[in-house]
Every structure is written in C-alpha cells, then in structure tokens.
Amino acid sequence: VMAVVESSRHPECAASVRNEMQRLLADGKEFPTADMLSREQAPQINAYVSELLRLYPAFPFIISRMAETIVLPSCNATIPEGANVISLLGLDQLDPK
C-alpha cells in the first residue's frame with residue numbers, strides 16, 4: 001500500500017523502477033527471478049524497496065529490557081536495569097542526519 005502512495009508522490013522514481021523492471025523482463029519472462037533482482041542487476045528496484053522499508057519498517061517498534069542501568073547524557077535521565085524500553089523504528093529512521 002505504501003509503495004503506491006510513494007509512487008504517486010514521486011512519479012519519477014516509479015517510472016525508473018518500472019523501466020528497470022521492463023528491462024529485466026524484456027526477454028519474455030513473466031516474473032523476475034531472485035538473480036535478476038540482485039543489487040547489480042536491479043539497483044533502482046533495490047534502492048526503492050530499501051527506502052520504503054526505511055520509511056515504513058515491517059516492524060514499527062521493538063521492546064527491549066534494559067540489561068543495566070544507564071544515564072542519558074542529553075537529558076540526565078536514568079533508565080533502571082530491568083525497565084522495558086520501546087524503540088519506535090519508524091521515527092528513528094526519519095532523522096535526516
């Protein structure tokens with residue numbers, strides 16, 4: 001679903017991916033093989049899928065239990081050992097830096 005949304009937002013990227021897929025299937029194949037979709041054979045498709053997964057991760061968050069107490073230097077907050085910490089992967093991946 002999000003691939004369709006991003007394709008409508010960036011039609012030039014969608015056209016590049018479509019052209020690459022047409023090139024891969026030029027010899028009459030109906031579906032690409034795994035070899036055809038390698039980074040070397042299909043760099044645009046791989047870049048597009050990687051960017052989609054960066055923006056919209058398959059697992060949007062993970063929950064971890066702290067193995068030891070830590071202090072966050074940026075805000076001087078303490079996270080105690082055994083505390084559950086939720087990391088929102090989608091937000092982490094949006095940082096432009």
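These legends go with a handful of close-ups of one predicted model. Local features need pLDDT of at least 70 and side-chain atom pairs count only at pLDDT 80 or more, while totals for chains, interfaces and linings use all residues. Numbering runs from 1 along each chain as its sequence is written, and side-chain values use heavy atoms, with hydrogens and water left out.

**View 1. The largest nonpolar core, with seven residues.** Val17, Leu24, Met36, Ala42, Ile45, Tyr48 and Leu52 make it up. A nonpolar core here is a set of buried Ala, Val, Leu, Ile, Met, Phe, Trp, Tyr and Cys residues joined through side-chain atoms within 4.5 Å. Buried means under 20% relative accessible area, exposed over 50%, and partly exposed in between (1.4 Å probe, protein chains only). Helix H2 (11-24) and H3 each chip in at least two residues, and H3 gives the most, with three. Helices are DSSP runs of H or I with at least four residues, strands are runs of E with at least two, and both are numbered from the N terminus.

**View 2. Who touches Ala42?** Skipping neighbours within four places in sequence, Ala42 is in contact (heavy atoms within 4.5 Å) with Glu20, Leu24, Met36 and Leu37.

**View 3. A salt bridge in helix H3.** Glu51 pairs with Arg54, the closest N and O atoms sitting 2.7 Å apart. A salt bridge is a side-chain nitrogen of Lys or Arg within 4 Å of a carboxyl oxygen of Asp or Glu, and the structure has three of them. Both partners lie in H3 (residues 43-55), three residues apart, or about one turn of the helix. Glu51 is partly exposed at 35% relative accessibility, and Arg54 is partly exposed at 29%.

**View 4. A salt bridge in helix H1.** Glu6 meets Arg9 with 2.9 Å between the closest N and O atoms. The two are about one helical turn apart because they are three residues apart in H1 (residues 2-9). Glu6 counts as buried, at 9% relative accessibility.

**View 5. The Asp27 and Lys29 salt bridge.** Here the closest N and O atoms are 3.7 Å apart. Asp27 is exposed at 58% relative accessibility, whereas Lys29 is partly exposed at 39%.

**View 6. A nonpolar patch on the surface.** Phe61, Ile63, Ile86, Leu88 and Leu91 together show about 520 Å² of accessible area (Shrake-Rupley method, 1.4 Å probe; for residues, only the protein chains shown count as cover). Strands S1 (61-65) and S4 (84-88) are the elements giving two or more residues. Patch residues have over 30% relative accessible area and no salt bridge; like charges are joined within 9 Å, nonpolar side chains (Val, Leu, Ile, Met, Phe, Trp, Tyr) within 5 Å. Leu88 sits in S4 and is partly exposed, at 41%.
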